[in-house]
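I am opening a notebook on this structure and will set down, entry by entry, what I looked up. The sequence and the model come first, and my notes follow.

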Amino acid sequence: MLLHYISEEFAVIDAKFNAFTKKIDAEKTEQKHEEKLGKYSSSILHPPPGHSPSTRTQFVGNLSIFRDEEETEVQISRVRKRLEVTDDAQIIAEEKELGGRNRYAADGLLNSIECNLLMQLTQIAVEGDGYEENKSPHSPYERFEGVTIGRMALMMYFNLTNPELLELFLQRTEAVRDHVERYFDLDSPLYFTYTHLVCRTALLDSPADRTDLSHEIHADNCVIKDGGLCLREDPAYTWRDYSAILYLNDDFDGGEFFFVDDWKSRRVQGIVRPRCGRMVAFSAGGENLHGVRGVRNSRRCAVALWFTLDEKYLEYERVMANTMLTRVRILGTVQHEDIQISSRYEDMLIQCFKEDEMLRHLLREGRGNKKEQH
Ligand SMILES: O=C(O)CCC(=O)C(=O)O
Ligand SMILES: [Fe+2]
C-alpha cells in the first residue's frame, strides 16, 4: 500500500518535470522566433534576464498537503517579525532623499567578509548568462557576466563550488527579501521570482570619454512606450512587483545606480553608489524608472533580486537549490568526471532530480521549500 502510494507520488513528480521540460523547450522555440522578429531590439524595453512563469503548484504541486499548517505559521511569524526591530541593516535614504515613491536604500545587509565570500561566487559567472548568451546586452564597452541560482546549485551538487557559499547566498538574499517585505509593510507575502548575481566589467579598449550607460533607463515590470507611458504588458516581466539590488563591491569607477523622473527629460532624482552590503529597493513599476551609469574601469558585482506578490511566479530554482543543499548535507556531493554545466543548464537541473531519488524524496517532503524562504 505504502509502496503503491510512493510510486504514485513519484509518478506525479515525473509528470510535473515532463510538463516543465516541455515548457522549457517551448520557451526555447519561442525565443528563437522572437530573435528572428527582433522583438527585443527596442532600447527602451527592459531586456531579459528572467525565466518565464513557473508555479509552485505546477512544480512541487503535491506539497500542497502541507499548505494550511504552513500558512498559519507564516502569518504568526510575520506578525512577530514586525514587532521586533532588531536588524543590523540601517536605512540610509528614503522617498524624500531619493526623490520619488516606494523606494529606499539601506546599508549593512552584508559585512565585508560576506561580500568577499560572495565575490568568490562571481568566479563561476558566465558571459551573457540570463541574457541568451549575449556578452554585452547593455553596453558595448562592458562585459556582462551572471550566475543564476540554478547554475550555483548544479555547481555545488557536482562539487565544483562550496556548499557554504550557496548557503550564504540563499540566506543573505532571504534577509533582503524579508527587509523589503517589512519595509513596505506588505499585507501578503513577498516571494522571490528571479535572482541574478551579475558583474559588469569595463573593457580595456573603452573610450575614456564614453557617455553611454551601463544599463539604459527602464522600469522592471513594464515597457516604456514612445509617449513615456510604461505599460505592464508582454514582453515585460509583468509579475514582478518589487526589485532590490544588493551590492558586493565598490572598487571600480562609475556604475552609480540612479532614479529619473521621466524617460524623456531624464532628470536624476536620486543616486545610490554601490558598496559592500548596500541595497536599493523599490516597487517595480513605471514610478521607479532607473538606470546604471557606465562602469569606467574594473568590475562591478551585485545581486539583482526581483519579487512578486503572486505565489504562482515563485522562483522554482531556489526551491531546487535548497533541496540540493539539504541532499549534499546528508549524502555529500556527486562525483562526476569532466562535468560541464552548459549555458542551457535547466535541462541538467531537471535531470538531476529525475535521476536522484534522494532529491525527489526531499522535494516531496518540502525540504527545499522552507517556509521562511518565500
Ligand atoms: O545593477 C543595478 O544597480 C541595477 C540593475 C537593474 O536595474 C536591472 O538589472 O534591472
Ligand atoms: Fe532594473
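**Entry 1: a glutamate in a strand**

I began with Glu 142, which I found in strand S4. I keep in mind throughout that this is a predicted model. Is Glu 142 buried or exposed? Its relative accessible area comes to 3%, so Glu 142 is buried. I then looked for a partner of this side chain and found a polar contact, at 2.7 Å, with the side chain of Ser 214.

**Entry 2: the strands around S5**

From Glu 142 I followed strand S4, which spans residues 142-148 and is joined to strand S5 by seven bridges, the two strands running antiparallel. Within this pairing I noted that Glu 145 stands opposite Cys 199 of S5. I next asked how many bridges link S5 to strand S16. There are 10 of them, and S5 and S16 (residues 299-308) also pair in the antiparallel sense. One position I checked there was Val 198, whose bridge partner in S16 is Ala 302. I also looked at how covered S5 itself is, and of the 12 residues in this strand, which runs over residues 191-202, 12 are buried. As a reminder to myself, strands of a sheet pair through backbone hydrogen bonds, in either a parallel or an antiparallel way.

**Entry 3: the iron site**

I turned to the iron ion, ligand 2, and asked which protein atoms are its donors. They are NE2 of His 218, OD of Asp 220 and NE2 of His 290, and they lie 2.1 to 2.2 Å from the ion. Along the chain, the donors of this iron ion follow the spacing H-x1-D-x69-H. Asp 220 sits in the loop between strand S6 (213-218) and strand S7 (223-224), whereas His 290 belongs to strand S14 (residues 289-293), so this pair ties together parts that are 70 residues apart in sequence. I checked the exposure of both residues: Asp 220 has a relative accessibility of 3% and therefore counts as buried, and His 290 is buried too, with a relative accessible area of 4%.

**Entry 4: an open sheet of four strands**

Strand S14 led me to a sheet, and I asked in what order its strands are arranged. The sheet is open, its four strands follow the order S6-S14-S11-S12, and the pairing is antiparallel. S6 and S12 are the edge strands, each of them pairing on one side only. On average, and with direction ignored, neighbouring strands of this sheet are turned by 20 degrees against each other. Looking closer at one pair, I found that S11 and S12 run antiparallel and are joined by four bridges, and that Phe 259 stands opposite Gly 270 in S12.

**Entry 5: two packed helices**

For helices, I recalled that a packed pair is described by the angle between the axes and the distance between them. Helix H5 (residues 112-121) and helix H7 (residues 163-183) pack at an angle of about 115 degrees, with their axes 10 Å apart, and their crossing is left-handed. Which residues meet there? On the H5 side they are Glu 114, Leu 117, Leu 118, Gln 120 and Leu 121, and on the H7 side Leu 165, Leu 168, Phe 169 and Arg 172.

**Entry 6: the ends of helix H10**

At the N-terminal end of H10 I found Asp 356 acting as a cap, with a side-chain oxygen 2.9 Å from the backbone nitrogen of Met 358. After the helix comes Gly 366, whose phi is positive, near 80 degrees. Between these ends, helix H10 (residues 357-365) has as its buried residues Leu 359, Arg 360, Leu 362, Leu 363 and Arg 364.

**Entry 7: backbone exceptions**

I ended with the backbone, bearing in mind that most residues other than glycine have a negative phi and that most peptide bonds are trans. Asp 185, though not a glycine, has a positive phi of about 50 degrees; Asp 185 lies in the loop between H7 and S5 and, at 44% relative accessibility, counts as partly exposed. Arg 266 is likewise not a glycine and has a positive phi of about 55 degrees; Arg 266 is in the loop between strand S11 (257-260) and strand S12 (268-272), and is partly exposed at 31% relative accessibility. Finally, the peptide bond from Asp 234 to Pro 235 is cis, with omega near 5 degrees, and Pro 235 has its place in the loop between strand S8 (230-231) and strand S9 (242-247).

Technical notes: Residues numbered from 1 in each chain as written. Chains lettered and ligands numbered in written order. Heavy atoms only, no water. Donors = N, O, S within 2.8 Å, 3.2 Å for Na, K, Ca; no water. Buried < 20%, exposed > 50% of the residue type's maximum accessible area, 1.4 Å probe, protein only. Polar contact = N/O pair within 3.5 Å; in protein donor to acceptor, adjacent residues only side chain to side chain. Pairing = 2+ DSSP bridges. Axes fitted to C-alpha atoms, helices over the stretch in contact; angles between N-to-C directions. Left-handed = near helix turned anticlockwise from the far one by under 90°. Contact = heavy atoms within 4.5 Å.
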